[in-house]
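Here's a quick briefing to read with the model open beside you. Take a look at the sequence and structure, then we'll go through the ligand surroundings and one helix.

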Amino acid sequence: MPPAKVVLLACGSYNPPTNLHFRMFEVARDHLHRLGNHIVVGGVISPVHDKYGKKELVASTHRVKMLQLGLETSNWIHLSDWECNQPGWTRTLEVLRYHQNQINDAMQSSGGESNNKRARQEKNLPWLPNLGTDEVDSVNTPIQVKLLCGGDLLESFGTPGLWRDEDIKCVVGDHGIVVITRAGSDACKFIYESDMLTKYMNNITIVTEWITNDISSTKIRRAFRRGDSVKYLINEAVEQYIRSHGLYSSTAKYESVISKSDSSEIMLSALNSSASIPKMIITEPDHAEPEQRTKKPKTNRRPKKVSPVSNEIEESEPKVKIEIRDNGTIEVISDKETTV
Ligand SMILES: Nc1ncnc2c1ncn2[C@@H]1O[C@H](COP(=O)(O)OP(=O)(O)OP(=O)(O)O)[C@@H](O)[C@H]1O
Ligand SMILES: NC(=O)c1ccc[n+]([C@@H]2O[C@H](COP(=O)(O)O)[C@@H](O)[C@H]2O)c1
């Protein structure tokens with residue numbers, strides 16, 4: 001079997017981007033190439049929309065600029081600002097599908113895989129500028145966009161009300177996930193405890209990061225606030241940018257475009273909206289029914305703030321409370337079990 005061509009797409013806040021955000025891609029690419037059944041033809045970072053409303057989230061104009069600076073030294077990871085240029089927060093499945101469809105369109109409109117290289121070069125996408133290269137031509141297989149994430153993001157699938165079951169099924173079943181292990185999360189155990197993830201296990205690649213380093217954006221923001229050094233933890237140009245714009249300092253004002261309770265309602269209405277998602281052109285989803293998960297995720301952190309539930313949610317929907325915690329994570333508490 002010829003190796004599958006893969007684009008790794010990582011969603012997140014990048015508030016600010018740390019060395020580990022970029023390193024995730026390197027670790028994942030090495031691993032996939034070593035397995036021998038994938039060729040990674042590109043890496044894409046998609047920063048989340050301002051209306052995601054996470055605590056201390058600075059404007060996407062800053063986060064995009066910091067990512068551009070951090071990526072200057074990479075020749076294969078690129079920024080896609082599509083998500084943050086949308087009118088509101090976009091579910092991750094939609095983000096994956098948009099990028100998959102763009103690639104499929106570009107490949108198809110340039111006459112397929114094996115001919116018309118120049119036409120394909122003209123179709124190069126800003127976040128995938130190597131469509132017309134020999135590397136991409138080397139095998140005649142479609143390009144698959146996979147979600148690249150840390151173990152904590154995988155575990156967020158188990159937060160009641162945060163992800164739609166059918167989204168998880170399509171993210172894992174249609175696209176596939178590459179998960180980098182992270183301190184504090186246990187991806188293998190999480191998959192074992194989920195019937196649905198176990199079912200799609202052949203599309204989940206767990207990559208153990210042996211050179212462990214638990215940098216997080218939260219810790220970097222804390223260091224800035226306290227005036228501590230962040231040298232060797234984030235890119236120097238990114239550090240310079242943060243200092244020159246006075247981001248994350250103890251006096252920094254977070255000009256949130258929306259209030260926290262608005263952000264909860266925006267996420268909820270996006271999750272409950274019946275608006276159809278553009279379908280991928282190549283792969284059709286497997287419509288197997290989600291299976292029941294038997295265990296609620298454990299949490300021992302106390303909520304800081306509770307926002308009212310939007311009235312627009314129907315009676316039959318789970319009652320959901322959104323809480324924004326001290327460390328900036330958004331926690332959604334539902335009165336129903338998740339079906340991951
Ligand atoms: N140290 C790390 N190891 C593995 N994955 C990481 C690491 N840091 C971030 N990631 C992953 O990068 C993606 C984007 O993460 P995000 O922007 O939320 O960063 P974060 O450091 O977790 O942020 P915060 O501390 O603000 O919650 C997620 O998939 C996350 O799991
Ligand atoms: N239902 C969904 O599609 C869903 C839910 C929660 C978070 N997400 C995404 O996961 C990422 C999480 O980022 P943070 O770890 O910074 O919160 C963001 O890109 C966010 O958009 C997607």
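Which residues come nearest to ligand 1? Keep in mind that this is a predicted model. Gly12, Cys149, Gly150, Ser216 and Thr218 come nearest, out of 21 residues around ligand 1.

**Around ligand 1**
- Five elements each give two or more residues to this shell: strand 1 (4–12), helix 1 (19–35), strand 4 (143–150), helix 6 (151–155) and helix 10 (217–226).
- Helix 1 chips in with the largest share, 3 residues.
- Sorted by class, the shell around ligand 1 holds 10 polar, 8 nonpolar and 3 charged residues.

**Around ligand 2**
- Ligand 2 has 15 residues around it, and Cys11, Ser13, Val48, Arg91 and Thr92 come nearest.
- Here the elements giving two or more residues are strand 1 and helix 3 (92–109).
- Strand 1 therefore turns up on both lists, giving two or more residues to the shell around ligand 1 and two or more to the shell around ligand 2.
- By class, the ligand 2 shell comes out at 8 nonpolar, 4 polar and 3 charged residues.

**Helix 7**
- Helix 7 spans residues 165–175 and is mostly covered, with 8 of its 11 residues buried.
- Which residues of helix 7 are buried? They are Ile168, Lys169, Cys170, Val171, Val172, Gly173, Asp174 and His175.
- Just after helix 7 comes glycine 176, with a positive phi near 100 degrees.

Conventions
Residues are numbered from 1 along each chain as its sequence is written. Chains are lettered from A and ligands numbered from 1 in the order in which they are written. This is a predicted model: local features need pLDDT of at least 70, side-chain atom pairs count only at pLDDT 80 or more; totals for chains, interfaces and linings use all residues. A residue is near a molecule or strand if its C-beta atom, placed from the backbone, lies within 6 Å of it. Helices (H or I, at least four residues) and strands (E, at least two) are DSSP runs, numbered from the N terminus. Ala, Val, Leu, Ile, Met, Phe, Trp, Tyr, Cys and Pro count as nonpolar, Asp, Glu, Lys and Arg as charged, and the others, Gly among them, as polar. A residue is buried if 20 or more other C-beta atoms lie within 10 Å of its own, exposed if 12 or fewer, and partly exposed in between; C-beta atoms are placed from the backbone.
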